[in-house]
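Trainee: Could you take a close look at one part of this protein for me, the annotated binding site, and then work outwards from there? I'd like the residue-level picture rather than a quick tour.

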Amino acid sequence: MNPTMIQFFHWYSEGDGKLWKEAEKQARYLAKLGITSVWFPPAYKGTNGGYSTGYDAYDLYDLGEFDQKGTVATKYGTKADYIKAIKALKKQNIQVIVDIVLGHKAGGDELEKFKVVKVDEENREKVISDVIEIESYTKFTFPGRGKKYSDFEWNFTCFSGVDYAEGMESHIYKIQSEYGDDWEEMIHDEKGNYDYLMYNDIEHRNPFVREELNHWAKWYFDQTDFDGVRLDALKHISFDFYKEWLTMLRSNSGKNIFAVGEYWAPGYLHLLQKYIEVTEGCMSLFDSSLQNNFHNASKEGGSYDLRRIFDETLTQADPMHAVSLVANHDTQPLQDLEAPVESWFKPLAYALILLRKDGYPCVFYPDLYGAHYIDKDSGGHDQEIFMPKVDGIEELLKGRKEHAYGDQQDYFEDANCLGWVRAGDDEHSGCAVVLSNKDAYNKPMEVGQLYAGKKFKDLLKRFKEKVTIDENGWGNFPVPAGNVSVWIPE
């Protein structure tokens, strides 16, 4: 079966411990759609307890088991709920991908004194103060858990920078460390050095930290038997660390753990390629450039040349390492990396990632189920957001599961109308796909003499009439204006 991932959450996913239970209930439905892997949010306790999305990681060993930060359960449920959801998915032959946040920690338990320098927030290589002493919450003792699972206590030597100093203004403070006065090496010079992102930035050059994170990864695998990892915020973490960490995890688990990393650099394909090179291809990356092309195409409408849709994308340049997506929790409206794809274009975008041969597509939760939430905009005003489910998303998934196989022949000669044919294989009949970002079209395409005289129907039910294939194996496939049609043999 074609591999297909779903991100089974979004930034505003409902709390009250419901997500794990919902995933358990949805397992059979997801399998029916052809979903082969589920990416779950960070499952460990964050600094805001039951309200935390998990990206403000506090205790990696607390999967909703200990009374910490005001709750036992996380936002998504208890550890028992989590394990049940994983087992329900695996029973349907769906792999589980867990979200890994190892760039920073938040919500320390005790203040510590240590020496720092202030750095310029726009150029972190630029020191703008003398060495000063501050107090910050860098000691983590996890009083709710005690020493169960691990007796490691985090202190200021485990971090390279902080953004909080007791009694002082919020700023980026570089810790004066025995592991180096510089930040860890990154592959790009954005903000001088973008090692520091937020909270207490983990110092991966500390061998005790690396040992603890390797120990935790093995523990996490033993608890859950996950199949893959999604690695958060790679832009801010030493590439050497994850190369070592993944090697250890795969060795310790005895399993070829799948890995996909978030290096968000839309429009900078060369950075994604460089990261894959320096990590020796040990992980895939989300194709942020393709997502950005979808965003731009949806904004520009009929003036966008669809023949450019895969230009400068990882899916085109290195499909074996590309996870393609239309949206995720960071690109949805009101987020810092907001880059939403307009609703009219989403069926086209999903056809482009689900029904073609390149890339490993990832469906976003609101695009399958819909979402409704309220948050504050940049002006501090409440804004209500509706994200309707994508028109025809189930049929597009069905098309991937049952028809998107075999050789691919492209018909990309028109700036406003793309088409392609999948030939099928020994077990699956193929399909013909046409999409337009402007007018209604009829696209002549060859499906092969095997289908001569046969009829094709529109899987998305945009058209009631059938397309009859001529004696040479050609058909004239229509598409509505600004839409997509998927044609399969009757």
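Mentor: Let's start with the annotated residues and then visit some other spots along the chain. Keep in mind that this is a predicted model.

The UniProt record, an unreviewed entry, puts the feature "binding site" at Asp195, Asp201 and His236. These three are spread over 42 residues of sequence, yet they cluster in space, with a largest C-alpha distance of 9.0 Å. From this set, His236 is part of the lining of the largest pocket.

Take aspartate 195 to begin with. You'll find aspartate 195 in the loop between β11 (173-175) and β12 (200-202). Its relative accessibility is 1%, so aspartate 195 counts as buried, the cut-off being under 20%. If you skip the neighbours within four places in sequence, the contacts of aspartate 195 are Ser160, Trp183, Glu184, Met186, Asp201 and His236. Notice that both of the other annotated residues, Asp201 and His236, turn up among those contacts. There's a polar link here as well: the side chain of aspartate 195 reaches the backbone nitrogen of glutamate 184 at 3.0 Å.

Now for aspartate 201, which sits in strand β12. At 2% relative accessibility, aspartate 201 counts as buried too. Again leaving out neighbours within four places in sequence, aspartate 201 is in contact with Gly103, His104, Cys158, Phe159, Ser160, Gly161, Asp195, Tyr196 and His236. Ser160 is in contact with aspartate 195 and also with aspartate 201, and His236 likewise appears in the contacts of aspartate 195 and of aspartate 201.

For contrast, look at glycine 167, in the loop between β10 (159-162) and β11. With 80% relative accessibility, glycine 167 counts as exposed. Serine 136 is 31 residues from glycine 167 in sequence, and their C-alpha atoms are 9.6 Å apart.

Next, lysine 79, in helix α2 (residues 79-91). You might not expect a lysine to be tucked away, but lysine 79 is buried, at a relative accessible area of 12%. Its side chain has polar partners: one contact of 3.4 Å goes to the side chain of glutamate 65, and another of 2.5 Å goes to the side chain of glutamine 223. Beyond four places in sequence, lysine 79 is in contact with Leu63, Gly64, Glu65, Tyr149, Trp219 and Gln223, so both polar partners belong to a wider set of contacts.

Glutamine 95, in strand β5 (residues 95-100), is another case. At 39% relative accessibility, glutamine 95 counts as partly exposed. Valine 38 is 57 residues away from glutamine 95 in sequence, but the C-alpha to C-alpha distance is 6.2 Å. Valine 38 is also one of the contacts of glutamine 95 outside the four-place window, along with Thr36, Ser37 and Asp227.

On to helix α5 (residues 269-278), whose buried residues are Leu269, Leu271, Leu272, Tyr275 and Ile276. Viewed down the axis of α5, those residues fall within an arc of 165 degrees, so they line one face of the helix. What they pack against is α4 (239-253), β15 (284-286), α6 (288-300) and α7 (314-317). After α5 comes glutamate 280, which has a positive phi, near 55 degrees.

Zooming out, the domain assignment gives domain 1 (5-102 + 206-399) and domain 2 (406-489). Their C-alpha centres lie 32 Å apart, and 22 residues of domain 1 are in contact with 23 residues of domain 2.

Asparagine 416 lets you see that contact up close. Asparagine 416 is in the loop between β20 (408-414) and β21 (417-424), and at a relative accessible area of 11% asparagine 416 is buried. The side chain of asparagine 416 reaches the backbone oxygen of glycine 302 at 2.8 Å. Not counting residues up to four places away in sequence, asparagine 416 touches Gly302, Tyr304, Leu306, Leu435, Ser436, Asn437, Lys438 and Tyr441.

Definitions and conventions
Residues numbered from 1 in each chain as written. Predicted model: local features only at pLDDT ≥ 70, side-chain atom pairs only at ≥ 80, totals over all residues. Heavy atoms only, no water. Buried < 20%, exposed > 50% of the residue type's maximum accessible area, 1.4 Å probe, protein only. Helix = DSSP H or I, 4+ residues; strand = E, 2+ residues; numbered from the N terminus. Arc of directions from axis to C-beta. Contact = heavy atoms within 4.5 Å. UniProt positions renumbered as here; feature names shortened; annotations may be inferred. 1 Å grid on protein atoms, 1.4 Å probe; cavity = no way out; pocket = protein on both sides within 12 Å on 5 of 7 lines; lining within 4 Å. Polar contact = N/O pair within 3.5 Å; in protein donor to acceptor, adjacent residues only side chain to side chain. Domains from an automatic or database assignment.
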